[in-house]
Amino acid sequence: MDFTTATATATALLFFSLLISATLALDICSAQSHGSGLSIIPIYGKCSPFDPPKPDSWLNTVIDMASKDPQRVKYLSSLVAKKFTKVPIASGQNVLNIGNYVVQAKLGTPGQLMFMVLDTSNDAAWVPCSGCSGCSATTFTPNTSSTYASLECSMAQCTQVRGLSCPTTGSSSCLFNQSYGGDSIFSATLVQDSLSLANDVISNFAFGCINAVSGGSIPPQGLLGLGRGSMSLLSQSGSLYSGVFSYCLPSFKSYYFSGSLKLGPTGQPKAIRTTPLLRNPHRPSLYYVNLTGVSVGRVIVPIAQELLSFNPNTGAGTIIDSGTVITRFIEPIYSAIRDEFRKQVKGPFSTLGAFDTCFAATNEAVAPAITFHFTGLDLRLPMENSLIHSSAGSLACLAMAAAPNNVNSVLNIIANLQQQNHRILFDVPNSRLGIARELCN
């Protein structure tokens, strides 16, 4: 082969290589999940079907999302005080927060694609159904599914849904009502159909088929509950996933690339640090862990142990939650952390939205690392998980806050911003939670 021919061949190969790379980049949103693994997509990422807001910075985007945290904190705090019964029926006053991460799921036969919000502190799943009043344009259509069935009030699953609305006598569909996001209410019928996650199919999966919505906070294509209750995905999938799952949440700034949800024991990290999962019999769905202390830099923050201790009677303690945006501590704990952080960072400090410790980013070099100490596990937060920046880069804020003033909370919540780019393993049968650094943007 002469030099001219070789050059032409090399040029052609380079052209086709670039063409294939460009094609793959354009098609990345349509990439299929494999096995029991699912892609996790930021709700405002490029691959998400939902329209993002148009703030002037990512800081304002997070502030906007975090503004809904108080309603979720209020909801989670209300749960811990309730007594557990064998028939957990809610009052219909449950208030949740709009989710920030979604997965692709298919319902029915043939499968209908839905982008469902992940929620580790909720059990039941629900989606908007055709004919729904006030719902988004994308709905699940029951009459095109050959495996769809409505559940009656006499069915066992009906006794386990919150906000139950069934007549005392006679036969009727299982109806329930819930509020969501502080300003929204929905009514739904409990139904069952096939749920497809990647290559797995869960037959007779019970979920809420939403009939009517009032307000604008309902996740447009539904919610998938990953709690530990009887209506959750873990409970309904039984031996398929054996009560084990993990996820890696990408940054809110993640564009094409997404995180992942791994279901079942297979494929989970082997060498991962773990801490015991604690169980509150009054609210068994929540994932409690034992937070024993917090360090700011090399300083262990002085926090009274009774403020950190797990107490199933009052619901006090610390939970891991996928739906709250920024980590929230009860006021005395947060104040102690914030005050030590301020001691080590040069001010002045300002307040912006939920963040009360914002400072010039030029001082970030002296910002100390924050470490959460759990039983058997220390989580040292990278700066991207403890600070949030303005789009211009001139301002940095401590990305944590106190529980809202109007919430009589005893609950500390490790939220999704602090979990980003970590593999979080939930091993329910062995009562352990694992955390390992993993870049999944």
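**View 1. Aspartate 427 and arginine 432 meet in a salt bridge.** Aspartate 427 is buried, with a relative accessible area of 5%. Welcome to this predicted model, which we tour in a series of close-ups. The side chain of aspartate 427 meets that of arginine 432, with 2.8 Å from N to O. Arginine 432 counts as partly exposed, because its relative accessibility is 29%. So this salt bridge joins a buried aspartate 427 to a partly exposed arginine 432.

**View 2. Arginine 423 forms a salt bridge with glutamate 438.** Here the closest N and O atoms are 2.9 Å apart. Arginine 423 belongs to strand β27 (residues 422-427), while glutamate 438 sits in the segment after β28, so the pair ties together parts that are 15 residues apart in sequence. How covered is each partner? Arginine 423 has a relative accessibility of 2% and therefore counts as buried. Glutamate 438, in turn, is partly exposed at 27%.

**View 3. Arg338, Asp339 and Asp356 are linked in a network of salt bridges.** Take a look first at the contact of arginine 338 with aspartate 339, where the closest N and O atoms are 3.2 Å apart. Arginine 338 counts as buried because its relative accessibility is 16%, under the 20% limit. Aspartate 339 is partly exposed, at 36%. Asp356 is also a member of this network. For the wider setting, a search of the whole structure finds six salt bridges.

**View 4. Cysteine 248 and cysteine 440 are joined by a disulfide.** The sulfur atoms are 2.1 Å apart. The torsion about the S-S bond is about -85°, so this disulfide is left-handed. The pair links distant parts of the chain, 192 residues apart: cysteine 248 lies in strand β11 (residues 244-248), and cysteine 440 in the segment after β28 (432-437). Are these two cysteines buried or exposed? Cysteine 248 counts as buried, with 0% relative accessibility, and cysteine 440 counts as buried too, at 8%.

**View 5. A disulfide connects cysteine 129 with cysteine 209.** In this view the sulfur atoms are 1.8 Å apart. The link is left-handed, because the torsion about its S-S bond is about -130°. Cysteine 129 is in strand β4 (residues 126-133) and cysteine 209 in strand β9, so to speak two distant parts of the chain, 80 residues apart. Both cysteine 129 and cysteine 209 are buried.

**View 6. Cysteine 132 and cysteine 135 form a disulfide.** The S to S distance is 1.9 Å. Which hand does this link have? With 55° about the S-S bond, the link of cysteine 132 and cysteine 135 is right-handed. Cysteine 132 counts as buried, at 14% relative accessibility. A search of the whole structure finds five disulfides, among them the one shown here. As a reminder for newcomers, a disulfide is a covalent bond between the sulfur atoms of two cysteines.

**View 7. Strand β8 and its hairpin partner β9 run antiparallel.** Strand β8 covers residues 184-197 and is mostly covered, with twelve of its 14 residues buried. Twelve bridges join β8 to strand β9 (residues 200-214). To find your way along the pair, look for isoleucine 185, which stands opposite serine 214 in β9. Where the hairpin turns, two residues lie between the strands, and alanine 198 takes a positive phi near 55°. In a regular strand the side chains alternate between the two faces of the sheet.

**View 8. Strand β8 also pairs with strand β7.** Strand β7 (residues 175-180) and β8 pair in the antiparallel sense over six bridges. Which residue of β8 is the bridge partner of phenylalanine 176? That partner is alanine 188.

**View 9. Strands β2 and β5 each pair with β8.** Strand β2 (residues 101-107) pairs with β8 in the antiparallel sense, over two bridges. On this side, lysine 106 stands opposite serine 196 in β8. Strand β5 (residues 149-150) likewise pairs with β8 in the antiparallel sense, over two bridges. There, serine 150 has valine 191 of β8 as its bridge partner.

Note on methods. Residues numbered from 1 in each chain as written. Predicted model: local features only at pLDDT ≥ 70, side-chain atom pairs only at ≥ 80, totals over all residues. Heavy atoms only, no water. Buried < 20%, exposed > 50% of the residue type's maximum accessible area, 1.4 Å probe, protein only. Helix = DSSP H or I, 4+ residues; strand = E, 2+ residues; numbered from the N terminus. Pairing = 2+ DSSP bridges. Disulfide = S-S within 2.5 Å. Salt bridge = Lys/Arg side-chain N within 4 Å of Asp/Glu carboxyl O.
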